[in-house]
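Biologist: Before I use the labels on this model, I would like to hear how each one was reached. Please set the value against the definition every time.

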Amino acid sequence: MTELLLNHLGGQWHLGSGQGTELIDPVLGQPLVRVDATGLDLRAGFAHAREQGGAALRALSYRERAAMLAAAVQVLQANRDTYYDIATANSGTVRNDSAVDIDGGIFTLSTYAKLGAGLGERPFLLDGEAVRLGKDPLFQSQHILVPTRGVALFINAFNFPAWGLWEKAAPALLSGVPVIIKPATTTAWLTQRMVKDVVDAGIFPSGALSVVCGSSAGLLDALEPFDVLSFTGSAETAALIRSHPAVAQRSVRVNIEADSVNSALLLPEAAPEAALELLAKEVAREMTVKSGQKCTAIRRVFVPAALYDQAANAITARLAKTTVGNPRHEAVSMGALVNRAQQLAVQNGLAYLKAQAQTLHDGASHVLVDADPAVACCVGPTLLGVRDADGSDRVHDTEVFGPVATLLPYRDPAHALALVRRGQGSLVCSVYGSDAGALAQAALALADSHGRVHVISPEVAQSQTGHGNVMPQSLHGGPGRAGGGEELGGLRALGFYHRRSAIQASTNVLNAI
Ligand code: NAP
């Protein structure tokens, strides 16, 4: 039997009382560890976090909590090699892809440590200036933000077990709100190990950081009105969460990060070669990083109709160089999908899209390196093409969560923007071109339906941070289909973990606050 991972709840480590679910190496097919949350006293654990962890965190200033985040960064840095080993075994990712998750998570945590240090000793945040409420200037209203007196429950997706933990936990802990994380079962190991290392280092007060691995059963039932819930995952699970009594009746504040059919758009150019090359490079990178299992990955690529063939050639030439297989082999640039279920989902999704598309580059043409096709959950990158961008509905509605993207031609910029919007709200759209005015216009037109617009002109070709890379300084989340959530964006993220109140009082009282 493999090791059964411990859960941390109520300030103590607990084994689940069931047999557990086995986590499997998606390349070698071997069992790794087991997770189980059966028999945990969730209500008592949530109460401990709320009452002990929350009170202890709130007793500290932002600067003191920021110092704890910085200490956690040190612990995680010291254990990076272990995290890489876990990611290779459990997520089947090559080192560069594991870095997006592991180092991306640590970087995000360290960014919040620095941001928090700048907030100083105060116990709450001001929101705007005091305004007088009547003729008498003595009676004023001042909005303030105070940490919520509840827990932050995180239910996360399988694709970012490290980053997904810290991008949520960093702003929560900095805000003074205790965290309970439930990672996706498939890849829970890395989340559990990171939490274990930080808890064992004794940095945070008891109850500040908890992890429950295994089934989500009962977690939402344990939520109370001042708790908050941040969910990342599929639209189907998001719909269940939205209708749960905790949200629908007890007004638990909820943030949803769901799936998204993101786009890249090449604007019409007098000399398109440079912009097209940048677009092709980014599309190929987005399709292959983490085998396309990124919520921000480019799924639809829009180019002027006259450049369709040229774009197809530029992207497929890059994809052809991708070596797929065992992430432990140095010649391999792209590893596996996370498990057999995801592999099947990608194959089914591809078949669904192909009914309305042609194949420009076939993933099946990639021979696996150092991996048994009967065992390894590897899928080569596939570029599809749809010449009738208006007539096909599937490409605009379907997120295939793997190394798959579709090229589409457009007539003019207005047509392109209308096609992008058929994604019904996305996390990110990249726009490529060299005319600053045209790029600015496109960015403004896309801003209402995208959490982030990533504008690439030649002068930022070297310094840009990448379409799919979520930087802690910028907003992550998107309207509509993307879930309507908002995360990160620097200190903006703290808003979710605070309650806003308008204090109406005399100037003297406001000054005393
Ligand atoms: P999922 O199947 O919806 O699972 C997400 C999480 O929800 C897992 O922890 C899962 O636990 C849990 N869960 C399942 N059923 C639940 C229920 N009835 N109540 C409460 N929690 C429940 O999604 P996934 O397959 O892990 O992730 C892939 C999807 O996530 C993709 O569509 C991707 O686009 C999206 N995603 C979005 C973002 C973003 O930031 N917008 C980031 C990453 C991924 P178990 O694992 O134990 O079932």
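**Labels and their grounds**

Biologist: Why is Lys196 called partly exposed?

Modeller: Lys196 has a relative accessible area of 24%. Buried means under 20%, exposed means over 50%, and partly exposed is what lies in between, with a 1.4 Å probe and protein chains only as cover. The 24% of Lys196 falls in between, so the residue is partly exposed.

Biologist: What kind of model is this, and how are residues numbered?

Modeller: It is a predicted model, in which local features need pLDDT of at least 70 and side-chain atom pairs count only at pLDDT 80 or more, while totals for chains, interfaces and linings use all residues. Residues are numbered from 1 along each chain as its sequence is written, and side-chain values use heavy atoms, with hydrogens and water left out.

Biologist: What makes the side chains of Lys196 and Asp200 a polar contact?

Modeller: They come to 2.7 Å. A polar contact is a pair of N or O atoms within 3.5 Å; within protein, one must be able to donate a hydrogen and the other to accept it, and residues adjacent in sequence count only if both atoms are side-chain atoms. At 2.7 Å the Lys196 and Asp200 pair is within the limit, so it counts. Lys196 itself lies in helix H6 (residues 188-200), where helices (H or I, at least four residues) and strands (E, at least two) are DSSP runs numbered from the N terminus.

Biologist: How do you know that the length of helix H10 is as expected?

Modeller: The expected span is 1.5 Å times one less than the number of residues. For the 12 residues of H10 (308-319) that gives 16 Å, and the end C-alpha atoms are 16 Å apart, so the two agree.

Biologist: Which residues of H10 are buried, and what covers them?

Modeller: The buried ones are Tyr308, Ala311, Ala312, Ala314, Ile315, Thr316 and Leu319. Their cover includes helix H9 (273-288) and strands E14 (298-304), E15 (358-361), E16 (382-385) and E17 (404-410).

Biologist: Why does His467 get the label it has, buried or exposed?

Modeller: The relative accessible area of His467 is 0%, so the residue is buried. His467 sits in the loop between strand E19 (450-456) and strand E20 (475-476). Its side chain reaches the backbone oxygen of Thr296 at 2.8 Å. Contact means heavy atoms within 4.5 Å; leaving aside neighbours within four places in sequence, the residues in contact with His467 include Asn262, Glu282, Glu286, Arg452 and His454.

Biologist: And why is Thr108 called buried?

Modeller: Thr108 has 1% relative accessibility, so it counts as buried. Thr108 is in helix H4 (residues 95-117) and touches Trp163, Trp166, Glu167, Pro472 and Leu488, not counting residues up to four places away in sequence.

Biologist: What is notable about phi in Ser291 and Gln424?

Modeller: Ser291 has a positive phi of about 50 degrees although it is not a glycine. Phi of Gln424 is near 65 degrees, also positive in a residue other than glycine. Ser291 is in the loop between H9 and E14 and is buried at 2% relative accessible area. Gln424 is in the loop between helix H13 (413-421) and strand E18 (426-432), and at 55% relative accessibility it counts as exposed.

Biologist: How are the domains assigned, and how do they relate?

Modeller: The bounds come from an automatic or database domain assignment. Domain 1 is 3-258 + 487-512 and domain 2 is 262-471. Their C-alpha centres lie 31 Å apart, and 24 residues of domain 1 are in contact with 28 residues of domain 2.

Biologist: What makes a residue count as surrounding the ligand, and how many do?

Modeller: One of its heavy atoms must lie within 4 Å of the ligand. There are 25 such residues, the closest being Asn156, Thr185, Ser234, Thr237 and Glu399.

Biologist: Which polar atoms approach the ligand?

Modeller: A polar side-chain atom of Lys182 lies 2.9 Å from a ligand oxygen atom. A polar backbone atom of Phe158 is 3.2 Å from an oxygen atom of the ligand, and a backbone N or O atom of Ala258 lies 2.9 Å from a ligand nitrogen atom. The protein covers 81% of the 920 Å² of accessible area that the ligand has on its own, computed by the Shrake-Rupley method with a 1.4 Å probe.
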